[in-house]
Amino acid sequence: LRVPVALSSSLALSCPATAVAAQVFSNDVRFELRLSAFNPEANIRFAGDGVATDGEQTEDLAASGGIDADGRWRPRGELAFNMTPRQSLRLNYYDYRRDQSWNFDGDWIDPGNIFDEVEVPGEPVEVPAIDVDGRISFELASLNYDFAVIDTPRFQWGLGAGITHATLEARGTGTSTGTGEVEPQWETFHWKRDGTSPNLHTRLSWSPTPRLRLEAQAQYLDTRWGDFIDERGHFERGGLLVEYLVTERLGIHVGYDWFRLKLSDNYRGSFEAPAESGVGTVDVTGKMTGEFKVHGPMAGVTFRF
C-alpha cells in the first residue's frame, strides 16, 4: 500500500509543477525585445531597354549591369508590444552600410554603328582609367499593427498594416588618370532618397514545444503609396526566425532576413547624328529598371518582460 500512496502523492505534486512550467514558457508576455547582429550582403542591378529611330529606321537598345557588396555585421532590432493575446504593435529596424571601391583600367572603344545599315564615321576613342570610392547605406524602420486572425496555443497567423520609413543613400569620389586628349579629373557625387509609406504586413508563428518558436514575417509596399521616391516600384521584405527560450525571460534566436527595392522609370531623349551619316535627329525612348537587394543571416538574444 505504501507504493501506491507514494505514487499518488508524486502525481499530485507533479501536476501543479507541470502547469507552472507551461505558464513560464507561454507567450503571455507584454513586451518582447530582440537584439540581433545582421550580416547582410547587397546586390544592385540596373537594366535598360529602348528604341532609337530617325523616323524611317529603328533600332532596339538594351544594356544591363550590377554591383555586389560583401556583408558586414550590422545592428538589427525588433520590439513587440502585445496589447492583447490577439493584438500587437511591432517595430523593426535595419541598418546597412558598406564602403566599396570600383576600378576601371581604361580601354579603347569603337563607337560602332547607330543603325545596322548606317556606319558612323569616327576613330576609336580612348577611355581613361577610373577609380571610384563610395559608400552605400540603407536604413529601414517599420511600425505595424498585427491582429491574429488565427490564434491557438501553438500557432498564430497575423495580418495587419503599418508605416515604413526608409533612407537610401549613395556617395562617393571618382578620379580619372586622363589620356592624351583628356585631362585627369576629380569628382564627387551624393544621391539620397528619404521618405515614408504605408505598408501591408503578415506573420506566421508556430511553437512545436513551449521553449521553441518558429516565426516568419513579411511586409510589402508600393512606392506610389507614400513619398519615399518618385519612381514607380515596390518594396518587399521577408524574414525567418528560430527562437529558443533558455529561461522565462531570456531567449536566443537565429534567422535570415531579406528585402528588396525595385524601381522603374521611363525616359525620352534625342541627339543629332554626324551630318555625314545622313541620319539626322535620332529620338530615343525606353525604360530603366533598378533593383537593390539586401539579404543575410542574423543571430541575437530575446528579452521578454
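Let me begin with one residue pair: Arg203 has Gln217, in strand 11, as its bridge partner. The model I am presenting is a predicted one, and this pair is a convenient point of entry to its strands.

The bridge belongs to the pairing of strand 10 with strand 11, residues 212-222, which is antiparallel and comprises 7 bridges. Between these two strands there is a hairpin, and 5 residues make the connection. On the other partner of strand 10, the pairing is again described as antiparallel: strand 9, residues 155-176, is joined to strand 10, residues 185-206, by 22 bridges. Within that pairing, Ala166 is placed opposite Gly195 of strand 10.

Allow me to step back to the chain as a whole. The protein chain contains 14 strands and 1 helix. It has 305 residues, of which 35% count as buried. Among contacts with a separation of 6 or more, 67% are between residues 24 or more positions apart. The exposed area of the chain is about 17700 Å², with carbon and sulfur atoms supplying 59% of that area.

I turn next to strand 14, which has several partners. Strand 13 is joined to strand 14 by 23 bridges, and the two run antiparallel. In this pairing, His253 has Gly300 of strand 14 as its bridge partner. Strand 2 also pairs with strand 14 in the antiparallel sense, here over 13 bridges, and Glu41 stands opposite His295 of strand 14. Finally, strand 1, residues 31-38, forms an antiparallel pairing with strand 14 through 7 bridges. There, Glu32 is found opposite Arg304 of strand 14.

Arg304 deserves a further word. Is this residue of strand 14 buried or exposed? Its relative accessible area is 2%, and since the threshold for burial is under 20%, Arg304 counts as buried. A polar atom of the Arg304 side chain lies 3.2 Å from the backbone oxygen of Glu248.

A second arginine to consider is Arg237, located in strand 12. With a relative accessible area of 4%, Arg237 is likewise buried. Which side chains make polar contacts with the side chain of Arg237? One is Tyr94, at 2.6 Å, and another is Asp257, at 3.1 Å. Setting aside neighbours within four places in sequence, the residues in contact with Arg237 include Arg76, Asn92, Gln219, Trp258 and Phe259. Gln217, with which I opened, is also among the contacts of Arg237.

This brings me to the aromatic residues. The structure holds 9 aromatic pairs. One of them is formed by Phe235 and Phe259; the pair is tilted, with 6.1 Å from centre to centre and 40° between the planes. What does this pair tie together? Phe235 is in strand 12, residues 232-245, and Phe259 is in strand 13, residues 250-272, so the pair connects parts of the chain that are 24 residues apart in sequence. Phe235 counts as buried because its relative accessibility is 6%. Phe259 is also classed as buried, at 2% relative accessibility.

Both rings take part in a wider arrangement: ring pairs link Phe38, Tyr94, Phe138, Phe235, Phe259 and Phe292 into a cluster. Tyr94 in this cluster is the residue whose side chain makes the 2.6 Å polar contact with Arg237.

Let me now place these rings in the nonpolar interior. How many residues does the largest nonpolar core have? It has 22, and the residues with the most contacts inside it are Tyr96, Phe138, Phe235, Phe259, Phe292 and Val294. Several strands each supply at least two residues of this core, namely strand 2 (41-53), strand 5 (87-104), strand 8 (130-151), strand 9, strand 12, strand 13 and strand 14 (281-304).

Val294 shows the surroundings of one such residue. Apart from neighbours within four places in sequence, Val294 is in contact with Phe38, Pro40, Glu41, Ala42, Tyr96, Asp257, Trp258 and Phe259. Two of these have appeared already: Glu41 stands opposite His295 in strand 14, and Asp257 makes a polar contact with Arg237 through its side chain.

To close, I return to the two arginines. Arg304 has the backbone oxygen of Glu248 at 3.2 Å from a polar atom of its side chain, whereas the side chain of Arg237 is joined to those of Tyr94 and Asp257.

Key: Residues numbered from 1 in each chain as written. Predicted model: local features only at pLDDT ≥ 70, side-chain atom pairs only at ≥ 80, totals over all residues. Heavy atoms only, no water. Pairing = 2+ DSSP bridges. Helix = DSSP H or I, 4+ residues; strand = E, 2+ residues; numbered from the N terminus. Phe/Tyr/Trp six-rings, centres within 6.5 Å; stacked < 30°, edge-to-face > 60°. Buried < 20%, exposed > 50% of the residue type's maximum accessible area, 1.4 Å probe, protein only. Core = buried A, V, L, I, M, F, W, Y, C linked by side-chain atoms within 4.5 Å. Contact = heavy atoms within 4.5 Å. Polar contact = N/O pair within 3.5 Å; in protein donor to acceptor, adjacent residues only side chain to side chain. Areas by Shrake-Rupley, 256 points an atom, 1.4 Å probe, with all protein chains shown as cover.
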